[in-house]
Amino acid sequence: MTEIKTISPAEVTEYKDIQEKAELSLRKKFHKQIFTPFAKAINRYELVKEHDRIAVCISGGKDSMLMAKLFQELKWHNKFAFDLEFLVMDPGYNEINRQTIEDNARKLGVPITIFESTIFDAVYDIEKSPCYLCARMRRGHLYSKAKELGCNKIALGHHYDDVIETILMGMLYGGQVQTMMPKLHSTNFEGMELIRPMYLIREEDIKKWRDYNNLNFIQCACRFTETCSAVHDDGSSDSKRIEIKNLIAMLKKTNPYVEANIFKSVENVNLATIIAYKKDGEKHMFLEDYD
């Protein structure tokens with residue numbers, strides 16, 4: 001059942017100062033650190049086009065709530081028309097987390113649409129890779145509801161740090177070179193696309209925006225790990241993410257460019273020096289073109 005959450009005039013008045021401060025900080029104090037890379041990613045990777053109808057997927061954390069405000073800013077100032085749906089899926093949140101998401105939407109002036117699912121119940125007894133299954137199911141539900149609402153894209157709040165951590169995790173734990181793509185065509189929902197407009201925004205700057213505006217967002221809503229900081233769409237555990245974060249921080253002490261170099265490594269792939277690669281599911285060896 002879909003529940004439409006609207007912002008009443010009384011609530012707008014009650015939280016007007018909070019909303020205005022958050023929006024002004026994106027236009028002034030954090031414009032260079034946050035809005036500029038947001039707009040840069042959208043332009044560089046052609047994430048938003050005229051007449052798009054985008055489902056901005058809000059989990060309730062700092063990243064997705066900031067993404068919602070950035071999309072509002074973009075829509076108010078953009079040169080071409082596009083539409084937004086601010087979509088929240090409740091996979092089985094506890095009462096406190098559900099209320100926190102609704103309260104933050106009111107404070108920030110985001111007119112969210114909430115729909116419920118039973119994903120947490122469905123994966124509760126799964127012993128092998130419950131996070132991976134949960135993430136896949138969540139994305140499928142979001143695609144389905146977004147398409148039902150007439151959207152052609154869903155937007156997720158992954159940021160720059162997520163991208164470089166994924167690159168290293170793939171190499172060190174998966175034995176492969178890959179990354180989160182800035183946009184993807186859905187393989188299961190025809191005509192739907194996934195975009196990541198926070199792709200170039202640093203997590204540190206997101207935290208600074210949150211703290212400057214005295215905002216409090218949910219950390220992790222997963223009933224398996226109430227103390228974790230996130231459940232990731234690639235099914236990775238937070239312990240591995242933290243390990244990679246610490247590794248990058250250690251490397252940065254002796255190489256201040258390490259983060260940028262990790263990011264650039266998947267932009268500067270030289271196929272002439274690659275032993276093997278996959279394209280469209282088919283593996284190719286360097287011997288195919290070797291004299």
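The following questions and answers explain how terms are applied to this predicted model.

Q: Why is Asp280 called exposed?
A: Asp280 has a relative accessibility of 77%. The term exposed requires over 50%, so Asp280 counts as exposed. Asp280 is placed in the loop between strand E8 (276-279) and strand E9 (282-285).

Q: Which residues gather with Asp280 in a patch of negative charge?
A: Glu282, Glu288, Asp289 and Asp291 gather with Asp280 in this patch on the surface. Asp and Glu count as negative, which is the reason for the name of the patch.

Q: Why is Val110 called buried?
A: The relative accessibility of Val110 is 0%. Buried means under 20%, and Val110 therefore counts as buried. Val110 belongs to the loop between helix H5 (95-108) and strand E4 (112-116). Val110 and Gln72 stand 38 residues apart in sequence, and their C-alpha atoms are 8.5 Å apart in space.

Q: What makes Tyr45 and Tyr199 an aromatic pair that is edge-to-face?
A: The ring centres of Tyr45 and Tyr199 are 5.3 Å apart, and the angle between the planes is 75°. A pair requires centres within 6.5 Å, and edge-to-face requires an angle over 60 degrees. Both conditions are met, so Tyr45 and Tyr199 form an edge-to-face pair.

Q: Where in the chain do Tyr45 and Tyr199 lie?
A: Tyr45 is in the loop between helix H3 (31-44) and strand E2 (53-57), while Tyr199 is in the loop between strand E7 (193-195) and helix H9 (203-212). The two residues are 154 residues apart, and their pair links distant parts of the chain. Tyr45 and Tyr199 are both buried, and they form one aromatic cluster with Tyr160 and Phe263.

Q: What makes Phe286 and Tyr290 an edge-to-face pair?
A: For Phe286 and Tyr290 the distance is 5.9 Å centre to centre, with 75° between the planes. Since the limits are within 6.5 Å for a pair and over 60 degrees for edge-to-face, the name applies to Phe286 and Tyr290.

Q: Why is Phe286 called partly exposed, and why is Tyr290 called exposed?
A: Phe286 has a relative accessibility of 38%. This value falls between the limits of 20% and 50%, so the term is partly exposed. Tyr290 has a relative accessible area of 58%, and because exposed means over 50%, Tyr290 is exposed. Phe286 and Tyr290 also help to make a nonpolar surface patch of about 540 Å², together with Ile275, Met285 and Leu287.

Q: How do you know that Arg98 forms a salt bridge with Glu102?
A: The closest N and O atoms of Arg98 and Glu102 are 2.7 Å apart. A salt bridge requires a side-chain nitrogen of Lys or Arg within 4 Å of a carboxyl oxygen of Asp or Glu, so this contact qualifies. Arg98 and Glu102 both lie in helix H5, 4 residues apart, about one turn of the helix. Both residues are buried.

Q: Why is Arg106 called buried and Asp103 partly exposed?
A: Arg106 has a relative accessible area of 16%, and buried means under 20%, so Arg106 is buried. Asp103, at 26% relative accessibility, counts as partly exposed. The side chains of Arg106 and Asp103 meet in a salt bridge of 3.2 Å, N to O.

Note on methods
Residues are numbered from 1 along each chain as its sequence is written. This is a predicted model: local features need pLDDT of at least 70, side-chain atom pairs count only at pLDDT 80 or more; totals for chains, interfaces and linings use all residues. Side-chain values use heavy atoms; hydrogens and water are left out. Patches are made of residues with over 30% relative accessible area and no salt bridge: like charges are joined within 9 Å, nonpolar side chains (Val, Leu, Ile, Met, Phe, Trp, Tyr) within 5 Å. Accessible areas come from the Shrake-Rupley method with a 1.4 Å probe; for residues, only the protein chains shown count as cover. The place of a charge is taken as NZ of Lys, CZ of Arg, CG of Asp or CD of Glu. Buried means under 20% relative accessible area, exposed over 50%, partly exposed in between (1.4 Å probe, protein chains only). Rings of Phe, Tyr and Trp (its six-membered ring) pair if their centres lie within 6.5 Å; planes under 30 degrees apart count as stacked, over 60 as edge-to-face and the rest as tilted.
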